Amino acid sequence: MFTLDVFSPEAQTQSILDEIRRSLGTERNKLCQAISTSMEEARALMEDDDSWAIEFPQGGGGVHRNTRLMVGYIVSMTDALVSTRKSAPSHNTGNLHGLIDDTIKHLKDLLLRKSEPCLDASMRYLFLLNNSYFIATRDIVRGPYYGDSQHHQGLELTPECKNHMDSYLDVSWAHVISSVSKSNPPGPLRRWLTNTSSLAKFESAFHQTYQAQKLWKVPDPRLRDALRRAIIERVISSYNDHLKKHPELAEHASRGNSTPTVLEEMLGQLFEG
């Protein structure tokens, strides 16, 4: 009876299926190991890539080609993970999921380190914002390195992207705003002279910053629009408040072609590259 049962058609079919499962499991492990090895090689190449220091400023703070390349790898791994889950939901895909999360973390750490030598803090934070936003908006499995998204100017930003944007605004435009937000000295004449001088400093700082960053790049149109509006909210609002408090300066500002409307239109041209 035992002999007949072992060699029955049902037993033979089950034996074949078990062998197929073992074979597929072995091949799956080999594939995961090959993917892991390839990712280690890709990381090493990007670590040693000397083009960061050259292409970073040339790109005007835009999305670096290495970021696009690494995200392409991550998307491919994500597609493989999703396909595996659909075709074989019972199989453990933890290794591939962990590899994706580790690669995302490594890429973000790499961007931070490669941007540190940049002497222009404004460009550095714009670069980090562009690249972090590019990573966050790709079709990638959500892991522990994202965090909950936050709405900013109608746009969903991860906390990391929000921090980079705020840092950019602080280092780029805080000094422009501060020139018209200082307290006034006593005495009408002295106050007028001080305010006129502050207005001149504001105009000078604004145009200097604008000219330096006019050709910098924010490739994503939604992010570009949100960043422009964030600058306008900070800079033009403070400028408007200052002119309302000192109406005698409004005419002076209009003669110098520095009305809030004109400056806002200029800011609407930033980051086209």
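Contact here means heavy atoms within 4.5 Å. One housekeeping note before the exercises: this is a predicted model, where local features need pLDDT of at least 70, side-chain atom pairs count only at pLDDT 80 or more, and totals for chains, interfaces and linings use all residues. Residues are numbered from 1 along each chain as its sequence is written, and side-chain values use heavy atoms, with hydrogens and water left out.

**Exercise 1. Work out where Arg224 sits and what it touches.**

Step 1: place the residue. Arg224 belongs to helix α9, residues 221–245. Helices (H or I, at least four residues) and strands (E, at least two) are DSSP runs, numbered from the N terminus.

Step 2: list the partners. Skipping residues up to four places away in sequence, Arg224 touches Val218, Pro219, Leu270, Phe271 and Glu272.

Step 3: look for a polar contact, meaning a pair of N or O atoms within 3.5 Å; within protein, one must be able to donate a hydrogen and the other to accept it, and residues adjacent in sequence count only if both atoms are side-chain atoms. The Arg224 side chain reaches the backbone oxygen of Val218 at 2.7 Å.

Step 4: check burial. Buried means under 20% relative accessible area, exposed over 50%, and partly exposed in between (1.4 Å probe, protein chains only). Arg224 comes out at 15%, so it counts as buried.

**Exercise 2. Classify the ring pair of Tyr168 and Phe271, then the pair of Trp173 and Phe206.**

Step 1: set the rule. Rings of Phe, Tyr and Trp (its six-membered ring) pair if their centres lie within 6.5 Å; planes under 30 degrees apart count as stacked, over 60 as edge-to-face and the rest as tilted. By this rule there are 5 aromatic pairs.

Step 2: take Tyr168 and Phe271. Their ring centres are 6.2 Å apart and their planes at 70°, so this pair is edge-to-face. The pair joins distant parts of the chain, with Tyr168 in helix α7 (residues 159–178) and Phe271 in the segment after α11 (260–267), 103 residues apart. Tyr168 and Phe271 are both buried.

Step 3: take Trp173 and Phe206. Here the centres are 5.8 Å apart and the planes at 50°, so the pair is tilted. Distant parts of the chain meet again: Trp173 is in helix α7 and Phe206 in helix α8 (residues 188–213), 33 residues apart. Trp173 is buried at 0% relative accessibility, and Phe206 is buried at 0% too.

Step 4: follow the links. Ring pairs tie Trp173, Phe202, Phe206, Tyr210 and Tyr239 into a cluster.

**Exercise 3. Find what stands out in the backbone of Phe271.**

Step 1: recall the background. Most residues other than glycine have a negative phi.

Step 2: read the angle. Phi of Phe271 is near 70°, a positive value in a residue other than glycine.

Step 3: add the surroundings. Phe271 lies in the segment after α11 and is buried, with a relative accessible area of 0%.

**Exercise 4. Compare the surroundings of Val171 and Gly273.**

Step 1: start with Val171. This residue is in helix α7 and counts as partly exposed at 38% relative accessibility. Leaving aside neighbours within four places in sequence, Val171 is in contact with Ala121, Ser122 and Tyr125. The C-alpha atoms of Val171 and Tyr125 are 8.8 Å apart, while the two residues are 46 residues apart along the chain.

Step 2: move to Gly273. This one is in the segment after α11 and counts as exposed at 51% relative accessibility. With the same neighbours set aside, Gly273 is in contact with Leu215, Trp216 and Lys217. The C-alpha atoms of Gly273 and Gly61 are separated by 9.4 Å, with their positions 212 residues apart along the chain.

**Exercise 5. Look for disulfides, then zoom out to the whole chain.**

Step 1: search for cysteine sulfur atoms within 2.5 Å of each other, which is what a disulfide is. The search of the whole structure finds 0 disulfides. As for cysteine exposure, Cys118 is partly exposed at 22%, whereas Cys161 is buried at 0%.

Step 2: tally the secondary structure. The protein chain has 11 helices and 2 strands, in the order α-α-α-α-α-α-β-β-α-α-α-α-α.

Step 3: add the totals. Buried residues make up 41% of the 273 residues. Of the contacts with a separation of 6 or more, 75% come from residues 24 or more positions apart.
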